[in-house]
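Here is a friendly walk through one protein chain. Take a moment to look it over, then read on for a guided tour.

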Amino acid sequence: VRFEPTLRWLLGLAMVSVGVLHFTRADDFAAIVPAILPAPGALVAISGAAEILGGLGLQLEPTRRAAAWGLIALYVAVFPANVNMAVNHLPLGGAEVSPVLLWLRLPLQLVFIAWAWRYTRRVSAA
């Protein structure tokens, strides 16, 4: 696909950007971690680091597949926080968000999973 490198860079940039936000706005992300989970601050830092590493890893051929699988696992792991936001209508960074947008955000995770899935395939020598 002609636009494949651009799409890969776009996903990588998005992941690195959001990962950095996990450190610069850690309290905002910790606020959406479900109460049943321990150590929200640590979970936010771990997920932020995983996003940064995954986004960077997508760009290098030797790490691309592992990074893509890691991002898929991350999208699944953070899904409970997104559900928590929608169910409890939690603000994002102190800003109220439409409940419709919070619920629409949930299937967006599937888009990101499918996007990362593209990079799980082995590159053929042909």
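## Buried or exposed

A residue is called buried when its relative accessible area is under 20%, exposed when that area is over 50%, and partly exposed in between. Keep in mind as you read that this is a predicted model.

Let us try the idea out on Asn-82, a residue of helix H4. Is Asn-82 buried or exposed? Its relative accessibility is 4%, so Asn-82 counts as buried. Which residues does Asn-82 touch, once those up to four places away in sequence are set aside? They are Arg-105, Leu-106 and Gln-109.

## The largest pocket

Asn-82 also takes us to the next stop, the largest pocket, which has a volume of about 580 Å³. This pocket is lined by 26 residues, and those closest to its centre are His-22, Glu-51, Val-78, Asn-82 and Arg-105. Notice that Arg-105 is also one of the residues that Asn-82 touches.

Which elements give two or more residues to the lining? They are helix H1 (4–24), helix H3 (40–57), helix H4 (61–88) and helix H5 (99–117). H4 makes the biggest contribution to the lining of this pocket, with 7 residues. By type, the lining residues divide into 20 nonpolar, 4 polar and 2 charged.

## Two nonpolar cores

Now look for the places where buried nonpolar side chains come together. The largest nonpolar core has 13 residues, and the members that touch the most others are Leu-11, Leu-58, Leu-71 and Tyr-75. Two or more residues of this core come from each of H1, H4 and H5. H4 gives the most here, with 6 residues.

Leu-11 is a good residue to follow by eye. Not counting residues up to four places away in sequence, Leu-11 touches Leu-58, Tyr-75, Phe-112, Trp-115, Ala-116 and Tyr-119. There is also a second, separate core of 7 residues, and among them are Ala-81, Met-85, Ala-86 and Val-97.

## Ala-81 and its distant partners

Ala-81, a member of the second core, sits in helix H4. A residue under 20% relative accessible area is buried, and Ala-81 has 12%, so Ala-81 is buried.

Which residues does Ala-81 touch, leaving out those up to four places away in sequence? The answer is Ile-32 and Pro-34. Along the chain, Ala-81 and Pro-34 are 47 residues apart, yet their C-alpha atoms are separated by 5.9 Å. This pair is a nice one to find on the structure.

## Thr-120, after the last stop on H5

Thr-120 is in the segment after H5. With a relative accessible area of 5%, Thr-120 is buried. Leaving aside neighbours within four places in sequence, Thr-120 is in contact with Arg-65, Ala-68, Trp-69 and Ile-72.

Thr-120 also has a partner nearby in the sequence. How far is a polar atom of the Thr-120 side chain from the backbone oxygen of Trp-117? The two atoms lie 2.7 Å apart.

## Residues on the outside

Leu-13 shows the other side of the picture. This leucine is found in helix H1, and its relative accessible area is 53%. That value is over the 50% cut-off, so Leu-13 is exposed at 53%. Between the C-alpha atoms of Leu-13 and Leu-101, which are 88 residues apart along the chain, the separation is 23 Å.

Ala-31 belongs to the loop between helix H2 (26–30) and H3. Its relative accessible area of 51% is why Ala-31 counts as exposed. Ala-31 and Val-44 are 13 residues apart in sequence, and their C-alpha atoms are 9.8 Å apart in space.

## Two unusual backbone angles

Finally, look at two residues with a positive phi. Ala-39 has a positive phi of about 45° although it is not a glycine. Ala-39 is found in the loop between H2 and H3, and is partly exposed, with a relative accessible area of 46%.

His-89 is another residue other than glycine with a positive phi, near 45°. Where is His-89 found? His-89 is in the loop between H4 and H5. With a relative accessible area of 31%, His-89 is partly exposed.

How values were computed
Residues are numbered from 1 along each chain as its sequence is written. This is a predicted model: local features need pLDDT of at least 70, side-chain atom pairs count only at pLDDT 80 or more; totals for chains, interfaces and linings use all residues. Side-chain values use heavy atoms; hydrogens and water are left out. On a 1 Å grid over the protein atoms alone, a cavity is a set of points where a 1.4 Å probe fits but cannot get out, and a pocket is an open set with protein on both sides within 12 Å along at least five of seven lines; lining residues have an atom within 4 Å of a point. Grid points are joined across faces, edges and corners, and a volume is the space filled by probe spheres set on the points. Helices (H or I, at least four residues) and strands (E, at least two) are DSSP runs, numbered from the N terminus. Ala, Val, Leu, Ile, Met, Phe, Trp, Tyr, Cys and Pro count as nonpolar, Asp, Glu, Lys and Arg as charged, and the others, Gly among them, as polar. A nonpolar core is a set of buried Ala, Val, Leu, Ile, Met, Phe, Trp, Tyr and Cys residues joined through side-chain atoms within 4.5 Å. Buried means under 20% relative accessible area, exposed over 50%, partly exposed in between (1.4 Å probe, protein chains only). Contact means heavy atoms within 4.5 Å. A polar contact is a pair of N or O atoms within 3.5 Å; within protein, one must be able to donate a hydrogen and the other to accept it, and residues adjacent in sequence count only if both atoms are side-chain atoms.
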